[in-house]
Amino acid sequence: TLVAVENLTQFKDAIAIPNTTIELKSNIDINENVEIKAKDIAIKGNYYQINIISNSSTDNGALVVKSENAILSDFTVHNGTTKPGLTLYNAKNAELTNITIIGKDPASVTEHKDRSGVALDIYNTTVKLKNITSANSLYRDFQVRGGSQVEILSQNGHSAGAVHIQSIKKA
């Protein structure tokens, strides 16, 4: 099934349908937790933006992939929260290609704690990364934890100042 989406409502409806290819036809603003749980979802971004924005003072916009065989490609995530720009949580056989994740501009934030902390958070996931770029992360660009298996298929870019990839293991 091929579904073209132009707004958050259409996006949420489409990601609930297994075996669906979703094509972005405009930028999408996410101001709530949006979880991709259906199997075999492909998101073709067509180089549009997914903007993760704060909802009042709760800072709760988030895009979380929890599905099997999710393929995400060709879009930019603009993260306006302190949460990760994109989270892969218990996702299996995920693939990310040509994705840029940009955190809050440090010059626009008065307090250190209000910056975007992590660009890509990977937990208990198997994923292939190809041409992933990140900028403006406070702590780390890619956070790998929970026994995740990450296959890096190309050179990935990141901004100066943050740790590029950090694997976190329990002691």
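Me: Buried, exposed or partly exposed: how does I152 count in this predicted model?
Reply: Buried means under 20% relative accessible area, exposed means over 50%, and partly exposed lies in between. I152 is found in strand β13, residues 149-152. Its relative accessibility is 44%, so I152 counts as partly exposed.

Me: What distance separates the C-alpha atoms of I152 and I132?
Reply: These two residues are 20 residues apart along the chain. In space, their C-alpha atoms are separated by 9.5 Å.

Me: How many helices and strands does the protein have?
Reply: The protein has 171 residues, and 44% of them count as buried. Its secondary structure comes to 1 helix and 14 strands.

Me: What share of the accessible surface belongs to carbon and sulfur atoms?
Reply: The accessible surface of the protein comes to about 8300 Å². The share of carbon and sulfur atoms is 46%.

Me: Why is strand β2 largely enclosed by the rest of the structure?
Reply: Strand β2 covers residues 20-24. A residue is buried when its relative accessible area is under 20%. β2 is largely enclosed because the buried residues number 4 of the 5.

Me: Which residue in β5 stands opposite I22?
Reply: β2 pairs with strand β5, residues 41-52, in the parallel sense. The pairing runs over 4 bridges. Opposite I22 stands I43.

Me: Which residue in β2 stands opposite A4?
Reply: Strand β1, residues 2-5, runs parallel to β2. The two are joined by 4 bridges. The residue opposite A4 is E23.

Me: What is the handedness of the unit made by β1, helix α1 and β2?
Reply: Helix α1 spans residues 8-15. Together with β1 and β2, α1 makes a β-α-β unit. That unit is right-handed.

Me: Within what arc do the buried residues of α1 fall?
Reply: The buried residues of α1 are L8, F11, A14 and I15. Seen down the helix axis, they line one face of the helix, because they fall within an arc of 125°.

Me: Which strands are included in what covers the buried residues of α1?
Reply: The cover includes both strands of the β-α-β unit, β1 and β2. Further along the chain, it includes β3 (28-30) and β4 (33-36). Also included are β5 and β6 (62-65). The strands included are thus β1, β2, β3, β4, β5 and β6.

Me: Which residue has a side-chain oxygen that reaches to the backbone nitrogen of T9?
Reply: This contact sits at the start of α1. The oxygen comes within 3.1 Å of the nitrogen of T9. The oxygen belongs to N7.

Terms used: Residues numbered from 1 in each chain as written. Predicted model: local features only at pLDDT ≥ 70, side-chain atom pairs only at ≥ 80, totals over all residues. Heavy atoms only, no water. Buried < 20%, exposed > 50% of the residue type's maximum accessible area, 1.4 Å probe, protein only. Pairing = 2+ DSSP bridges. Right-handed = clockwise from strand over helix to strand, strands pointing away. Areas by Shrake-Rupley, 256 points an atom, 1.4 Å probe, with all protein chains shown as cover. Arc of directions from axis to C-beta. Contact = heavy atoms within 4.5 Å. Polar contact = N/O pair within 3.5 Å; in protein donor to acceptor, adjacent residues only side chain to side chain.
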